[in-house]
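Here is a quick tour of the chain, starting from one side-chain contact and working outwards. Have the structure open while you read.

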Amino acid sequence: MALTDTKKGLTVTADNTGIDNVDILLDLDMRTGSLVDETRWLDGAAGDGTPGNVYPGSLTGFTATNNNALNNAGGSMRMVTVRVQAKAASLGNIIFSTDTTSAEGQDGTPVSKVVAILGRNDRVAHTIVGTIDALNPLKINLTPSNAAADSDLTVLLM
């Protein structure tokens with residue numbers, strides 16, 4: 001765990017005041033259609049020319065592009081579970097953002113807000129209570145009960 005974790009183009013960052021460790025445990029893409037890591041749709045499902053792997057007749061597949069400068073894939077709901085650990089018994093926060101710097105961050109699934117905090121699993125007998133920030137829709141304000149607090153938060157992102 002660290003101050004920042006990035007998976008599947010999603011970054012979560014701890015403030016290093018009340019929260020000093022974050023880890024993305026689950027990132028469940030809830031859109032329909034192709035999976036984030038799937039690129040087969042880009043060739044129009046034209047196949048590779050082998051028998052049984054082509055359209056009937058001589059239909060040529062289209063050559064789609066997946067270039068974030070031209071045609072980002074639309075975002076959708078994502079259910080994310082994040083492990084957070086307290087640094088101190090003081091207010092802290094985590095902020096979600098779209099990773100645009102790494103190759104895996106170019107999957108075209110931007111995030112715009114935390115829709116809901118779905119649940120919390122306290123890993124020890126100490127709690128971390130979270131609320132969505134009123135001014136920053138990608139920020140969750142956290143209140144650890146003490147410096148030993150350690151919780152898994154499940155949130156719904158859009």
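## Starting point: Ser151

This is a predicted model, and a good place to drop in is Ser151, whose side chain makes a polar contact with the side chain of Asp122 at 2.6 Å. Ser151 lies in strand E9, which covers residues 150-157. Is Ser151 buried or exposed? With a relative accessibility of 0%, Ser151 counts as buried, because the cut-off for that label is under 20%.

What does Ser151 touch, once residues up to four places away in sequence are set aside? There's a group made up of Val82, Arg83 and Val84, then a run from Arg120 through Asn121 and Asp122 to Arg123, and finally His126, Thr127 and Ile128.

## Around Asp122 and Arg83

Two residues on that list turn up again in salt bridges. Asp122 pairs with Arg120, and the closest N and O atoms are 2.9 Å apart. Asp122 has a relative accessibility of 25%, so it counts as partly exposed. Arg120 gets the label partly exposed too, with a relative accessible area of 40%.

Arg83 is the other one: its side chain meets that of Asp152 in a salt bridge, at 2.7 Å from N to O. This pair ties together distant parts of the chain, since Asp152 belongs to strand E9 and Arg83 to strand E4 (residues 78-86), 69 residues apart. Asp152 and Arg83 are both buried.

## The remaining salt-bridge story

How many salt bridges does the structure hold? The count is six. One of them joins the side chains of Asp5 and Lys7, with 2.9 Å between N and O. Asp5 is buried, at a relative accessible area of 13%, whereas Lys7 counts as partly exposed, at 34% relative accessibility.

## The chain as a whole

Stepping back, the chain has nine strands and zero helices, so the pattern along the sequence is simply β-β-β-β-β-β-β-β-β. The chain has 158 residues, and 33% of them count as buried. About 8500 Å² is exposed, with carbon and sulfur atoms supplying 56% of that area.

Contacts that reach a long way along the sequence carry a good share here. Taking the contacts with a separation of 6 or more, 69% are between residues 24 or more positions apart.

## An open five-stranded sheet

Five of the strands form an open sheet, in the order E1-E2-E5-E8-E7, with antiparallel pairing. Which strands stand at the edges? They are E1 (4-7) and E7 (128-132); each has a single partner strand, so one side of each is left without a neighbour in the sheet. On average, neighbouring strands of this sheet are turned by 20 degrees against each other, direction ignored.

At the E7 edge, the partner is strand E8 (residues 139-144), and the antiparallel pair is joined by five bridges. For one specific spot to click on, look at Ile132, whose bridge partner in E8 is Ile140. As background, strands of a sheet pair through backbone hydrogen bonds, in either a parallel or an antiparallel arrangement.

Key. Residues numbered from 1 in each chain as written. Predicted model: local features only at pLDDT ≥ 70, side-chain atom pairs only at ≥ 80, totals over all residues. Heavy atoms only, no water. Helix = DSSP H or I, 4+ residues; strand = E, 2+ residues; numbered from the N terminus. Buried < 20%, exposed > 50% of the residue type's maximum accessible area, 1.4 Å probe, protein only. Contact = heavy atoms within 4.5 Å. Areas by Shrake-Rupley, 256 points an atom, 1.4 Å probe, with all protein chains shown as cover. Polar contact = N/O pair within 3.5 Å; in protein donor to acceptor, adjacent residues only side chain to side chain. Pairing = 2+ DSSP bridges. Axes fitted to C-alpha atoms, helices over the stretch in contact; angles between N-to-C directions. Salt bridge = Lys/Arg side-chain N within 4 Å of Asp/Glu carboxyl O.
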